Amino acid sequence: MRRAFWLAAGLVACAAEARVSLPMMTAPQIEASCEQALTLGGARASQLAQSSDANGVLIAWDRMMASVENTVGPIYILAYVHPDKAVRDAGERCIVAYTQFETALYQNEALYRTVSGVQPADAIDAKLKQDLLIAFADAGVSLPPAQRQRAADILTEIQSLGQQFARNIRENTTTLTFSGDELAGLPATYLDQRGVTDGGRLTVGFDYPDYGPFMRSARSESARQRYYTAFNRRGGQENLDLLDRIVKLRHEYARLHGMNSYADFVLQRRMVGSVSRLDTFLTEVGAVTREAEAEDVARLRAMKAQDLGLPVDQVQLRQWDRSYYIEQYRQATAQIDQEALRTYFPSLAVRDWILAVTATQYGIRFEPAEVPVWHEDVVYYDVIDARSGEHLSGIYLDLFPREGKFKHAAAFPVRGASTAQGRQPISVLVTNFDRKGLTQGEVETFFHEFGHGVHGVLSRTRYVSHAGTSVERDFVEAPSQMFEEWARRPESLALLQGYCEGCPVLDQDEIRRLDIARRLASGMRYARQHLYASFDFRLYQGEPQPAQALWEQMTAATPYGYAPETQFPAAFSHIAGGYAAGYYGYMWSEAIALDMLSAFGQSIMNPAVGQRFRQEILSRGSERPADEMVRGFLGRPPSNATFFEEVRGQRSALQH
């Protein structure tokens, strides 16, 4: 199966795999090592294609893919986070070359025949054979030669266009300046951290620690509108053109395979299974979110009308009002100030707390170690099994923003597990948090992304192709979304004080109000996710159409209307990348995640169930279909009931 490097990424091994660390490379070293690895991988593929040993094909495949990942995995992460642009650019060129290598691999007819002849020894071997044959089919191995070459050309071009799309966002250094009344409402700590004195001027960019607090706190609507508009133009017309080209290429690729649309091509391999089933799911979710959103909008619109001294029917809640009035609503209703929460959740204390919660839940230890890193902010931990003392894996944390770095939050599983080779996994967690402290939402994001990392580092799969987050794309978010719950419950929150000496302590009433604050305006939040998923689905479901025009049409039908001059699709990296025709997976996975929580019973800190989850879900990667693993863990088919309660704001994390 084709391992996705973007929830994924490889590698210097120490004695007997006691620890594996990532090699730090210069741009020339990247170019040389990439060429060498792909050349060697191609030679091994040629040998495997001629193999007469059917019993050794799968392990030989595993060794071949692991050898390539040993080089390409580390290069992949450096392309996204290294401070040196020359290194990032060299990394991107290697990724394009890897795409070409991988496509040639899965279009190789002799290799296809070799894999087809494998007689699986057990269910795991049978699953790998099936996954590989699907990957061959999806790459076009059975297409006529001219169409097969066109398919290869399309995949290479999409990879290059996607890199340029991401680079245009990552390397955008635009700043905005605000002063005077535009600064009203902004927290003193926010202004102090940015060196703003009384009567001074505030200069901000597009990093989330700048943007998020401003949009939640600035009282000036014109200032919020200016920042919102600039933020949602940061990809620019160039990215709109790139996205439109990517959409056309993906449609052409699907047509080469005889499919009606790219959505049809993608969804046949997902849990959802088909376009019609996804359409039904989005229709059901849409009916619930529209009702819940209407109630939320009415409340916030009334607040805005009161601020402006106007009748409600003369006021519209706009896109740039959403974060501000949700925050005002939370403060008024739950008495929770998100910016004030940063003193309760210092960033490094939260890091240590999450490590402790994870260790307790899954029976492991995190031990810091000195290894080469790409920036002084980066820290590394060995992952040790608490009972046996066995070294399991390693994880890197790169938590704070800097110029040229990947702008979002993601886990990159740099190196996949393979018990057949005694191979240990590595994950890299990349975020852009405020250095001082986190809000409630940012704490949940930390747990979420760390959940992806844990899915990688606790993987114990036989083959690297099945490792960690290589599961179906519409299941991959479920373990990490489930882990968000540990950011909310009193049992896990109680452990924070052990890592935050002198911090304010959340009492039971404050924890209750945090839960209320989380649920307030949930209808608006899920309606937004439904809009993103529906936009992605429509973009890839039929004939190609300009993304910006479709976005304007769809947002015009929302209560907030289209925000003039904005170009949101130009910064929607998910659908230019690996989540194309798959953004719905966030909601699909969340329905599964909330259902899986039921297994933990009365207390979320339940190591016995945590161990079972580790063994039955996290360690298995994609060795079994996700639906089978979920049914096995729950002892029944999954249900959407808890998810719909969450959408309506009716599910309390404190009622269990």
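The following exchange asks why certain residues and helices of this predicted model are described as they are.

User: What should be known about the numbering and the filters?

Analyst: Residues are numbered from 1 along each chain as its sequence is written. This is a predicted model in which local features need pLDDT of at least 70, side-chain atom pairs count only at pLDDT 80 or more, and totals for chains, interfaces and linings use all residues, while side-chain values use heavy atoms, without hydrogens and water.

User: Why is S589 called buried or exposed?

Analyst: S589 has a relative accessible area of 0%. Buried means under 20% relative accessible area, exposed over 50%, and partly exposed in between, with a 1.4 Å probe and protein chains only. S589 is therefore buried.

User: Where does S589 lie, and what does its side chain reach?

Analyst: S589 belongs to helix α22, residues 585–596. Helices are DSSP runs of H or I with at least four residues, strands are runs of E with at least two, and both are numbered from the N terminus. The S589 side chain comes to 2.7 Å from the backbone oxygen of D474. That distance fits a polar contact, which is a pair of N or O atoms within 3.5 Å; within protein, one must be able to donate a hydrogen and the other to accept it, and residues adjacent in sequence count only if both atoms are side-chain atoms.

User: Which residues does S589 touch?

Analyst: Not counting residues up to four places away in sequence, S589 touches D474, F475, V476, E477, A478 and Q481. Contact here means heavy atoms within 4.5 Å.

User: How do you know whether R224 is buried or exposed, and what surrounds it?

Analyst: The relative accessibility of R224 is 1%, so R224 counts as buried. R224 sits in helix α9, residues 221–231. A polar atom of its side chain lies 3.1 Å from the backbone oxygen of W320. W320 is also among the residues that R224 touches beyond four places in sequence, and the others include F214, M215, D321 and Y324.

User: What is the crossing between α8 and α9?

Analyst: The axes of α8 (residues 208–217) and α9 come within 10 Å and cross at roughly 145°. Axes are lines fitted to C-alpha atoms, for helices over the stretch in contact, and angles run from 0 to 180 degrees between N-to-C directions. The crossing is left-handed. The contact is made by Y208, D210, Y211, F214 and M215 of α8 with A223, R224, Y227, Y228 and F231 of α9.

User: What makes a crossing left-handed or right-handed?

Analyst: A crossing is left-handed if the near helix is turned anticlockwise from the far one by less than a right angle, and right-handed if clockwise. The passage of α4 by α5 is left-handed.

User: Why are α4 and α5 called roughly parallel or roughly antiparallel?

Analyst: Their axes come within 10 Å and cross at roughly 155°. Angles under 35 degrees count as roughly parallel, over 145 as roughly antiparallel, 65 to 115 as roughly perpendicular and the rest as oblique. The two helices are therefore roughly antiparallel to each other. In this pair, L111, Y112, V115 and S116 of α4 meet K129, L132, L133 and F136 of α5.

User: How do you know on which side of α4 its buried residues lie?

Analyst: In α4, residues 109–116, the buried residues are A110, L111, T114 and V115. They cover an arc of only 135° around the axis, which puts them on the same side of α4. The arc is that of the directions from the helix axis to the C-beta atoms. These buried residues pack against α1 (27–49), α2 (57–81), α3 (85–106) and α5 (123–139).

User: What is found at the start of α4?

Analyst: There, a side-chain oxygen of N108 reaches to within 3.0 Å of the backbone nitrogen of A110.

User: What is notable about phi of A521 and A581?

Analyst: Phi of A521 is near 60°, a positive value in a residue other than glycine. A581 is not a glycine either, and has a positive phi of about 55°. A521 is in the loop between α18 and α19, and A581 is in the loop between α21 and α22. A521 is buried at a relative accessible area of 4%, and A581 is buried at 2%.

User: Why is A184 called partly exposed?

Analyst: The relative accessible area of A184 is 25%, so A184 is partly exposed. A184 lies in the loop between β3 and α7, and touches S217, A218 and R219, not counting residues up to four places away in sequence.
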